[in-house]
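Reader: Before any interpretation, please show the sequence and the structure. I shall then ask how each description is justified.

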Amino acid sequence: MIILWILFIGSVVVLPGTAILAFGWALRHGEFEHLDKTALSIFDEDEPVGVMTDRFPDSDLHPEPQAMPPASPP
Amino acid sequence: MNAPAPSILNALSPSDIEDVAERRAVLAEIDASCRNTLLLLFGASLTWLLLGTVFALIASWKMHAPEFLADISWLTFGRVRPFHLNAMVFGFSTQAGIGVTLWLMCRLCRTPLLYGWIVDLAGLFWNLGVAVGLVGILAGHSTGLEWLEIPPYATPLLFVSYALIGMWGILTFRFRRERHLYVSQWYLLASLFWFPGIYSAAQILLIMQPVRGTVQAAVNWWFAHNVLGLWFTPIGLASIYYFIPKVIGKPVYNYSLSVLGFWSLALFYNWNGMHHLVGGPMPAWLITVSIVASVMMTIPVVTVGLNHHLTMWGNFKKLKDSPVLRFMVFGGMSYTVTSLHGVLLALRSVSEVTHFTHSTIAHAHQGMYAFFTMVMFGAMYYIIPRLLKVEWPSAHVIRVHFWCAAIGIMFYLVPLTLGGVLQGLAMNNPDVPFLDPHKYSVVTMTLPYLRMRSYSGFLLAIGHTAFAINFIWILARWVKTLRLPQLATPAPSL
């Protein structure tokens with residue numbers, strides 16, 4: 001029975017407890033400010049908003065602007 | 001264009017990258033730093049995927065033709081089935097997930113994979129551990145504990161390898177150059193912490209100092225359920241949150257919802273697992289806590305589902321053009337369906353019918369294949385050409401892969417779910433015998449559904465083979481570009 005209590009405390013107290021600690025860290029570090037800006041952080045000049053970044057290799061059948069990844073360094 | 005060589009000293013002073021040229025150079029540097037590691041992880045994961053598929057077919061066929069390969073000890077059902085499960089969970093899914101995690105962490109942190117050779121070494125040891133474990137299962141050394149069948153002598157290899165890989169993911173985060181976290185990073189970071197926690201707890205309580213009696217079942221279900229929800233699910237959701245907006249070129253519909261989805265998953269998911277023991281000799285309150293937590297999971301599931309599907313709203317025609325989008329959207333929709341289905345299955349009234357039936361097997365495959373595996377396929381279709389700077393050789397083969405996987409898994413899920421419910425109703429009906437070849441019985445009524453499952457397995461196998469062919473083909477093209485640079489191979493139109 002004691003194992004069940006350990007499991008219960010681990011699941012209900014320890015794991016959510018660490019989640020709450022992480023939540024506190026996020027609050028202190030301003031992770032919940034400027035959420036709209038954060039949503040845009042995966043886009044950049046080469047792959048901006050409004051541009052598809054993946055196509056089938058034979059996609060020239062359906063021409064549409066497409067982003068180019070940065071060139072390989074030599 | 002060459003960026004300065006990555007160093008820990010540089011990374012100790014992270015700063016946002018403002019310069020466009022520098023940003024491009026960093027992205028190229030990131031892909032170059034990840035290339036060997038990810039090719040190793042993805043290549044090995046595909047090898048296990050093919051091997052696991054062969055063993056899945058054998059196990060499935062034995063369910064309706066038990067005499068098939070029955071006189072070869074290492075190919076008996078009790079060994080073939082755990083081989084399939086562990087090859088898929090630890091060979092394919094975990095390695096593919098780690099590969100995608102590392103690439104996403106590097107991209108989102110804008111940091112190259114530092115000292116990648118250490119992760120390469122860890123990857124080799126991981127595969128050695130999986131190989132030793134699977135051979136051990138075939139030799140009859142399985143622990144007999146579901147999802148933990150790998151014999152104890154192989155698990156230290158897995159643990160040390162994971163510790164290195166997980167630490168590298170966290171170090172990449174520590175040395176990030178992008179200050180704010182995208183929601184995918186939350187999911188990935190959490191999964192990197194959660195997996196070793198639940199895996200260690202299960203190993204200690206079930207293998208090293210095994211608990212006794214029904215408590216084993218409690219620990220086993222706690223692990224099996226949480227490894228899906230706290231390891232594979234966060235990686236899958238992190239991938240969807242990155243790739244769908246990235247591919248269609250549109251930010252996620254509501255970023256606040258995505259934050260709510262993550263934190264509610266973090267708070268509620270780990271209470272789950274005990275609902276699989278409804279009706280078993282366990283304290284009722286423990287099962288009730290799990291059922292309540294399962295119902296609470298509606299919050300993250302609905303928020304994530306709304307966000308994914310509303311992000312796609314107005315962009316569904318793009319599915320025609322993008323292989324990554326097809327796999328991601330299929331995976332995202334499957335996540336919504338399988339999670340809500342899971343909430344239903346957790347209820348006592350439903351579980352009394354579906355538990356101990358093939359419906360549970362269908363539900364597990366809905367989560368692990370229709371959701372997670374499809375998302376991993378999509379992620380690999382996006383990442384690999386960027387690592388190699390070579391386009392996928394055949395669009396036709398990609399389409400074969402997608403349609404075989406999509407139709408195959410639907411052909412698997414629908415009959416097996418339906419057959420499982422009918423099986424449960426038959427089991428609860430005292431007028432239906434358990435086994436009678438001449439009339440409707442619990443065993444014989446499941447046979448048509450089990451045969452359909454085997455046939456669907458062939459479709460899935462064709463899809464996996466198509467993917468492997470394309471993977472080897474693109475590698476061959478890449479090697480060719482390395483060997484013959486003077487022939488001026490055309491630049492890929494990625």
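Author: In chain B, pLDDT (the predictor's confidence in each residue, from 0 to 100) stays under 50 over residues 488-493. The model has six contacts beyond four places in sequence for that stretch; two residues are in contact if their C-beta atoms, placed from the backbone, lie within 7 Å. This is a predicted model, in which local features need pLDDT of at least 70, side-chain atom pairs count only at pLDDT 80 or more, and totals for chains, interfaces and linings use all residues. Residues are numbered from 1 along each chain as its sequence is written, while chains are lettered from A and ligands numbered from 1 in the order in which they are written.

Reader: What is the mean pLDDT of chain B, and where is confidence lowest and highest?

Author: The mean for chain B is 90, and 94% of its residues reach 70 or more. Confidence is lowest in helix α1 (residues 8-11) of chain B, at a mean of 38, and highest in α14(B), at 97. Helices here are DSSP runs (H or I, at least four residues), numbered from the N terminus. Over residues 1-15 of chain B the pLDDT is below 50.

Reader: Why are α13(B) and α14(B) called roughly antiparallel?

Author: Their axes, lines fitted to C-alpha atoms over the stretch in contact, come within 8 Å and cross at roughly 165 degrees. Angles run from 0 to 180 degrees between N-to-C directions, and those over 145 count as roughly antiparallel. The two helices are therefore roughly antiparallel to each other.

Reader: Which residue classes make up the contact of α13(B) with α14(B)?

Author: The residues in α13(B) include Y369(B) and F377(B), and those they meet in α14(B) include I409(B) and L416(B). The contact divides into 14 nonpolar, ten polar and no charged residues. Ala, Val, Leu, Ile, Met, Phe, Trp, Tyr, Cys and Pro count as nonpolar, Asp, Glu, Lys and Arg as charged, and the others, Gly among them, as polar.

Reader: What makes α2(B) roughly antiparallel to α16(B)?

Author: The axes of helix α2 (residues 20-64) and helix α16 (residues 447-483), both of chain B, come within 9 Å and cross at roughly 165 degrees. That angle makes α2(B) roughly antiparallel to α16(B). By class, their contact has 14 nonpolar, six polar and two charged residues.

Reader: How many residues does each chain give to the contact between chain B and chain A?

Author: Chain B gives 53 residues and chain A gives 41. On the side of chain B, the largest share, nine residues, comes from α7(B). The predictor gives the complex an ipTM of 0.77 and a pTM of 0.89.

Terms used: Angles under 35 degrees count as roughly parallel, over 145 as roughly antiparallel, 65 to 115 as roughly perpendicular and the rest as oblique.
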